[in-house]
Amino acid sequence: MLSIIIKEIVEKLGGSGYASEIILLKEKGMKDIVLKKFAEVFGDTEGAKVYFAPGRVNMIGEHTDYNGGHVFPAALTIGTYGVARKRNDNKLRFFSMNFEHLGIIESDLDDLKPYKEAGWTNYPKGVMWAFGEKGMKVESGMDLLLNGNIPNGSGLSSSASVEVLTGFILRDFFGFDVTNQDLALIGQFSENKFNGVNCGIMDQFSIAMGKKAHAIFLDTADLSFEYAPIKLENAKIVIACSNKKRGLGDSKYNERRDECETALAELQKVVDIKSLGELTEEQFEANKSAIASDIRIKRAKHAVYENQRTMKAVAALQANDVTLFGQLMNASHVSLRDDYEVTGIELDTLVEEAWKIDGVIGSRMTGAGFGGCTVSIVKDEAIDTFIEKVGAAYKEKIGYAADFYVVELGDGPSIL
Ligand code: GLA
C-alpha cells in the first residue's frame, strides 16, 4: 500500500519513477529480464550465468575512510544485475540496459586501458586489469550484460557495485583464490589506478561484505569490522535522490583528499600520528594551529569530528538510542555542509526540509556529496508526509523533482 502511494506521489511530482514498488517488481522478475535481454543482444544464453552485487548507503562516517577513520555503511537490496559468459577468444563485449543507446561496446583483453569514450565499461575493464596487476591474469574474454536499479551517479555506489560484481564473476570463472574482502581491495585499486578516482575503501568493502539487515562498523585504519544489526522499530530508511548528477564531483573529491593529506602533514610536525582518524576532538583543538590555512583546518576538523561522531553513533545504536543516532546524523550533515563543503543547495534542501518534519529521526547527505542522495530515518507514520512535503519543497526550490526510495539492507554479491 505504502509503496503504491509512494509511486503515485513520485508520478504526481514528475519524478523519474524509481519508487520502491517499481524496485520490488524489478527485483522479482530481474533474472528473466536480464537473460531475455542477453539472448537478444548476444544471440543466446548458452553458458551464461546471472549475478548480483548490491549498492550501498552510508549511515554515518563520511569522508573518513581515506583519513584512517570509521565508517558505518550498509549494502542495499538494490544493485547491479549481470549476465556473463566466458568466450574462447580475448574479446570483451559489454552491454548495459542502463545505457542501451550505446549498444554493444567492444574491447579486448590485450587492450585494458581506460578510454573516455569507453564510458561505463572502464569499470569492468579496470577490474580485469587490476586482477592482472595482482598476478591473476584473466585468461579469456567474456560477454557481459548489466542492468542496475541503483540510479547512476546518485552516490549509492553504482560504480563500486559494478567493480565488485566484475571481481565476483572473474573469481567464479577462473577460480582465483581471493576472499570477498580482496574483491573490495581489488575494486578500490582499479578505481584509484585505472579510473583515477582516489576513493577510500568504504564503498567496495560494504558491497563485497554486505549482510542482510546489518550495517558494517568498519575501522578503515586496519579494516577490522563488526556487523551491527539495524533494527528500527516503527521506522525505515528512506533515501532521497536529488537527481543532481555529480559532474565535477570526482575532481572535487580528489581535492578534498589532498587538503586532508596536507593538513595531516602539517599536524605531523607537532603530533605523532599516522592519520587524522587517530585524533580525538580535544587533541585536534590543541594542535590545529599547526595547520597553516583556515580551509584546511575546517577540512581536518570534519575528518576528526566525523570519525568520533561515527563511533558515538554506533555506540548509541547498540544502546538502542536511535534518537541520539539521528541527532548525530544531523550533526554529520552540518559538518559536511559547513566545514567540508561538499553538500550544495540540492542536498541541503532535501535535508533541511526533512528536519522540519515530525517523525524524522535523522537526515543527512550520504556518499561523496556534490549531488547524489540523502539518507533519513523516518518513523513509519511520517513516511508519506516526508515524501510529499520534502518532494514538493524540493521541486519548488530546485526546479526538478527528487526521487524517494524506502530501502532494505541486503547481502553482498551472489549468483542468482
Ligand atoms: C565516495 C568514496 C568513498 C568515501 C565517500 C565519502 O563514496 O568512494 O570511498 O570516501 O565518497 O565518505
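Student: In this predicted model, is H63 buried or exposed?

Tutor: H63 sits in the loop between β1 and β2, and its backbone has a positive phi of about 60° although the residue is not a glycine. Burial is set at under 20% relative accessible area, and since the relative accessible area of H63 is 4%, the residue is buried.

Student: Where is T64 found, and which backbone oxygen lies 3.2 Å from a polar atom of its side chain?

Tutor: T64 lies in the loop between β1 (49-58) and β2 (70-71), and with a relative accessible area of 0% this residue is buried. Leaving aside neighbours within four places in sequence, T64 is in contact with G69, H70, V71, T220, A303, E306 and N307. The backbone oxygen that lies 3.2 Å from a polar atom of the T64 side chain belongs to G61.

Student: A213 also has a positive phi; is A213 buried, partly exposed or exposed?

Tutor: Most residues other than glycine have a negative phi. A213, which is not a glycine, nevertheless takes a positive phi of about 65°, and its place is the loop between α6 and β7 (214-219). Because its relative accessible area is 37%, which falls between the 20% limit for buried and the 50% limit for exposed, A213 is partly exposed.

Student: For S206, which residue has a backbone oxygen 2.9 Å from a polar atom of the side chain?

Tutor: S206 is found in helix α6 (residues 202-208) and counts as buried at 1% relative accessibility. Apart from neighbours within four places in sequence, S206 is in contact with R56, P73, A75 and I216. The backbone oxygen 2.9 Å from a polar atom of the S206 side chain is that of M202.

Student: How far apart in space are the C-alpha atoms of G126 and F194?

Tutor: G126 has its place in helix α3 (residues 122-133), and its relative accessible area of 0% makes it buried. When neighbours within four places in sequence are left aside, G126 is in contact with S190 and F194. Although G126 and F194 are 68 residues apart in sequence, their C-alpha atoms are separated in space by 5.4 Å.

Student: And what is the distance in space, C-alpha to C-alpha, between Q181 and V127?

Tutor: Q181 is found in helix α5 (residues 180-193) and, at 24% relative accessibility, counts as partly exposed. Not counting residues up to four places away in sequence, Q181 touches F205, M209, L223 and F225. Q181 and V127 are 54 residues apart in sequence, and the distance between their C-alpha atoms is 14 Å.

Student: How many of the 17 residues of α4 are buried?

Tutor: Helix α4 (residues 158-174) should span 24 Å at 1.5 Å a residue, and its end C-alpha atoms are indeed 24 Å apart, so the expected and modelled spans agree. Just after α4, G175 takes a positive phi of about 65°. The helix is largely enclosed by the rest of the structure, because the number of its residues that are buried is 13 of the 17.

Student: Against which elements do the buried residues of α10 pack?

Tutor: Helix α10 (residues 322-338) has 17 residues and reaches 24 Å from its first C-alpha to its last, close to the 24 Å expected at 1.5 Å a residue. Its buried residues are V322, F325, G326, L328, M329, S332, H333, S335 and L336. These buried residues pack against α9 (294-318), α11, β10 (360-366) and β11 (373-379).

Student: How do the residues of the contact of α11 with α12 divide into nonpolar, polar and charged?

Tutor: The axes of helix α11 (residues 345-355) and helix α12 (residues 383-398) come within 9 Å and cross at roughly 145°, and α11 passes α12 in a right-handed crossing. From α11 the contact is made by I345, E346, T349, L350, E353 and A354, and from α12 by F386, V390, A393, Y394, K397 and I398. By residue type, the contact divides into 8 nonpolar, 1 polar and 3 charged.

Notes: Residues are numbered from 1 along each chain as its sequence is written. This is a predicted model: local features need pLDDT of at least 70, side-chain atom pairs count only at pLDDT 80 or more; totals for chains, interfaces and linings use all residues. Side-chain values use heavy atoms; hydrogens and water are left out. Helices (H or I, at least four residues) and strands (E, at least two) are DSSP runs, numbered from the N terminus. Buried means under 20% relative accessible area, exposed over 50%, partly exposed in between (1.4 Å probe, protein chains only). A polar contact is a pair of N or O atoms within 3.5 Å; within protein, one must be able to donate a hydrogen and the other to accept it, and residues adjacent in sequence count only if both atoms are side-chain atoms. Contact means heavy atoms within 4.5 Å. The expected span of a helix is 1.5 Å times one less than its number of residues. Axes are lines fitted to C-alpha atoms, for helices over the stretch in contact, and angles run from 0 to 180 degrees between N-to-C directions. A crossing is left-handed if the near helix is turned anticlockwise from the far one by less than a right angle, and right-handed if clockwise. Ala, Val, Leu, Ile, Met, Phe, Trp, Tyr, Cys and Pro count as nonpolar, Asp, Glu, Lys and Arg as charged, and the others, Gly among them, as polar.
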